[in-house]
Every structure is written in structure tokens, then in C-alpha cells.
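Here is a protein model for us to walk through together. Have the sequence and the 3D view ready, and follow along at your own pace.

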Amino acid sequence: MSDFRIETKCVQSGYTPKNGEPRQIPIYQSTTFKYDSSEEMGKLFDLEASGYFYTRLQNPTNDYVAAKICEMEGGSAAMLTSSGQAAAFFSIFNLASCGDHIVSSSTIYGGTYNLFAVTMKRMGIEFTFVSPECTEEELNAAFRENTKAVFGETIANPALTVFDIEKFAKVAHAHGVPLIVDNTFATPVNCRPIEWGADIVMHSTTKYMDGHGCSVGGCIVDSGKFDWTKYPEKFPGLCTPDESYHGVTYTERFGLEGAFITKATAQLMRDFGAIQSPQHAYYLNLGLESLHVRMARHCENALTIAKFLKSDERIAWVTYPGLEDDRNYELAKKYLPNGTCGVISFGIKGGRVACEKFMNSLKIAAIQTHVADVRTCCLHPANATHRQMNDDELLACGITPDLVRYSCGIENVQDLIDDIKQALDNI
Ligand SMILES: *Cc1c(COP(=O)(O)O)cnc(C)c1O
């Protein structure tokens, strides 16, 4: 399957039924699996044999869907998690523990920022945030003796900056650590970070991958390319015996292709239990089957609407990396030549009050704290997620009082433009 192009992988990868088996992936709605001898069960517990025994660790439905995403990203192994937040946490915590340090892009999803800067800090892991536009020298200066990974988002939510994957991968590798990329907004249809040097890719599958606003989920894909064994003192969890599994050394037993995901499953999933339910994995797979078709439409609609907004004198500014005069256009052309994403941000002349009137007048675009599904939705952060802040405080975190985040769905684009026009007329 791995020789096929992305569109074929969206539809076909992960599950190939044998003669007489179900065409669609079966939902293994079972917490547990039965064995004939306790000896066999014991081997599973010791990771000496592969097989299913308890859904908190692994379930066949989840594994089919993880295998599909793995092929789409060009990785060596993958796992599903209960949410994007769990995927971000696991991807870092599988490498770093109390006393360690991570370098992260500063323009990342707010939930991830809080996880890193507040919650993981309380666990003793420190983060240094750098601008995605930093020079190599500035990036180098952020590293410490105890740095274990570098993190960034292909297209940042909601800043819409494009991450220079090659630049960050090169510096991360020079310091002997992997680059982890959150590829949620681009999806593997528009960008495959591993092809540009990323080592681990994670997703909130809640967004475009599910794409129908129906199931919260996440996933982690390992490229299998980072050689942990070159830095055994930096990554003892992967390169030295795990006492909680009778002394298995993940890199020795599972190779570079399997070590990272096996450890994340055997330790983190076992202990934190952030599993995706097989039912949700099934819904996610339905979304993946049409991801390539939907992404093209999301991007086409967004570019058309971004150009319309640019041309309307009631609009103060527009940010969309697919626009030729956008600050991130050159990076978008390099990393996302077939399209970026469906999310645009723009400002309305007249600020807070005008935005409120505009939002209330929209008939198709729904007001939601969500992005990236088939239905168009929008949010006015100054009046929603950031409403407790005054204008000065908003500016300090890069959000202007007039900012509207607009997530283009796959409806008819002229209907969406007409909807925006009548809402602007109503201000
Ligand atoms: C939504 C989102 C997350 C968090 O994912 P959940 O599935 O909501 O937990 C992480 N990263 C990005 C870029 C997101 O948009």
C-alpha cells in the first residue's frame, strides 16, 4: 500500500479484508480478548508475543485506523489517542520527564500552550518558546544540556503561521533531539512533515481528519528514522531496560521503527489510559476516506473567500497563508503547494462592536469554538475565548479586538460570500 498516492491511501490503507471478510472495518466493541492458556496471556504481558488482551492497550479497530494514518504520513508506527491534547502530551512525555527541557514554537494551539507552559511545567518539564520566524542562531540559543525535543505546528491554530520544518529539523538534529510536528491543520493530504525531516507527527483528529464534528480524537505517528541509540544517555526510557516490563529495552526489542510507539503504548497508555474508543475510530476512518476530497474543497473555498475579503473595503486586514501577499506565502508555497487549510482570520473595520453585529447577522456560518469541519463556523475571540481581556491585554497575546476566525466548510462558496456580504451590510 505504501507505494500508492495519498488519495488512494485515504481510501484503502490500514485494513485489507481477506476472502469472505467484512469490506468495512469491523468495530471490535470488546474491552477484552480471550486466550486458551495463561502461558499465552503471560507472553502478551511481557511483550514477548504480539496480540490483543485489553482495549486500554490495543484494539484491532484502532490499529486499522492508526495503520492508515501511519501510511498517509509515511511513518513506521502509529497509535490513536482519546484527543489531540492526549497526543501532544504523550508525544512529549514519552521522551522527557521531570528535570528535562523542550524547545517549542510560540505560535501553537492555545490548549497545547497551556499544557506545556502550565501543566507540564508543574510536572517539572520546562519549555522555551521561540518565534517560528527566529534565525538559526536564535534557535540554537534556546537549547540546553537537558533539551529532549523540538515542537511546532505545520500551520498554527489560530495564528496561521507556516512552520519552517526543514530549518527546525536541521537544528534539532544538530543538537541530537527529534522534531515533533502537530500536523492537524495541514493534514497529510497537504503536507507530510516526515518528508521534510520531522521525526514524530501528531494530530488532533477531531478537526479535518474526522471532519464532521462528530468525534474527538488524536494520533501519534513515528517516522522510525530518529536513532535514539546514538544518544542513550539522553533517551534512557527508550535505550535502557524498562523494569515495569521485565527489563525490555524498547530499541533492542522493537528496533527504531517500533520503539517509540511501543513504549508510548506499553507505558503511557497503560498508565494514563487516554484511549480512543473503537466506535470513534470507526467514525474517524469514515472521515479519512473522503479527507482528500474535502481538503481540496476547504482550501478552494477559503482562498476564494480570502480574496473576496481582501477586495471589500469594510475589511481591515486578512491573514491566509494561501494569499500571495501573505507573510507566510513563501513557506506555504514550499511546504503546502496543493493548498493550506480552510481557516482564515480577518479584521473588520469598526472593531469589537462591528464584529459582534457581523457575527450575529451570519446565517450560514455558525458561532462555534471549533474549526475544520464540513460546516462553516466562526469565532470572535475578543468576545468568546478571550472575553475577560481588555484591548491592551488582547494585543499582548497577538489578538486584535477586530479579529474574526472563519473556518470555511465545504458548502457552495457563493452562498458563503453572499452570507458574509449581507452580514457586513448589517453592521
Ligand atoms: C484542536 C487542536 C488540538 C487539540 O485537540 P483536541 O482533539 O481538541 O484535544 C491540538 N492541536 C491543534 C492544532 C488543534 O487545532
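**A guided walk through the model**

The side chains of Thr 107 and Thr 161 are joined by a polar contact of 2.9 Å. Keep in mind as you look that this is a predicted model. To find Thr 107, go to the loop between strand β2 (101-105) and helix α5 (110-122). Leaving aside residues up to four places away in sequence, Thr 107 touches Pro 132, Ala 156, Ala 159 and Thr 161.

Now turn to a peptide bond with an unusual label to learn: the one joining Asn 157 and Pro 158 is cis, with an omega of about 5 degrees. Pro 158 sits in the loop between β4 (147-153) and α7 (165-174).

Asn 157 also leads us to the ligand. Which residues come nearest to the ligand, out of the 14 around it? They are Asn 157, Asp 182, Ser 204, Thr 206 and Lys 207. Let's look at some individual atoms. In the side chain of Asp 182, an N or O atom lies 2.7 Å from a nitrogen atom of the ligand. The side chain of Lys 207 has an N or O atom 2.6 Å from an oxygen atom of the ligand. Gly 84 takes part through its backbone: one of its backbone N or O atoms is 2.9 Å from a ligand oxygen atom. How much of the ligand does the protein bury? Taken alone, the ligand exposes 380 Å², and the protein buries 92% of that. As for the kinds of residue in the shell around the ligand, nine are polar, three are charged and two are nonpolar.

Gly 84 is a handy signpost, since helix α4 spans residues 84-93. Follow α4 and you will meet its partner, helix α10 (residues 250-272); the two pack at an angle of about 120 degrees, with their axes 10 Å apart. The crossing of α4 and α10 is right-handed. On the α4 side, Phe 89, Phe 90, Ser 91 and Phe 93 take part, and they meet Phe 260, Leu 268, Met 269 and Phe 272 in α10. Sorted by class, this contact has seven nonpolar residues, one polar residue and no charged ones.

Another helix pair is worth a visit. Helix α3 (residues 60-73) and helix α11 (residues 278-289) cross at roughly 35 degrees, and their axes come within 8 Å. Is this crossing left-handed or right-handed? α3 passes α11 in a left-handed crossing. Among the α3 residues that meet α11 are Val 65, Ile 69 and Met 72, while the α11 side includes Ala 281, Tyr 282 and Leu 288. The contact of α3 with α11 is made up of eight nonpolar, three polar and two charged residues.

For a last stop, step back along the chain to the loop between α2 (38-45) and α3, where you will find Leu 47. Although Leu 47 is not a glycine, its phi is positive, at about 60 degrees.

Methods. Residues are numbered from 1 along each chain as its sequence is written. This is a predicted model: local features need pLDDT of at least 70, side-chain atom pairs count only at pLDDT 80 or more; totals for chains, interfaces and linings use all residues. Side-chain values use heavy atoms; hydrogens and water are left out. A residue is near a molecule or strand if one of its heavy atoms lies within 4 Å of it. A polar contact is a pair of N or O atoms within 3.5 Å; within protein, one must be able to donate a hydrogen and the other to accept it, and residues adjacent in sequence count only if both atoms are side-chain atoms. Accessible areas come from the Shrake-Rupley method with a 1.4 Å probe; for residues, only the protein chains shown count as cover. Ala, Val, Leu, Ile, Met, Phe, Trp, Tyr, Cys and Pro count as nonpolar, Asp, Glu, Lys and Arg as charged, and the others, Gly among them, as polar. Axes are lines fitted to C-alpha atoms, for helices over the stretch in contact, and angles run from 0 to 180 degrees between N-to-C directions. Helices (H or I, at least four residues) and strands (E, at least two) are DSSP runs, numbered from the N terminus. A crossing is left-handed if the near helix is turned anticlockwise from the far one by less than a right angle, and right-handed if clockwise. Contact means heavy atoms within 4.5 Å.
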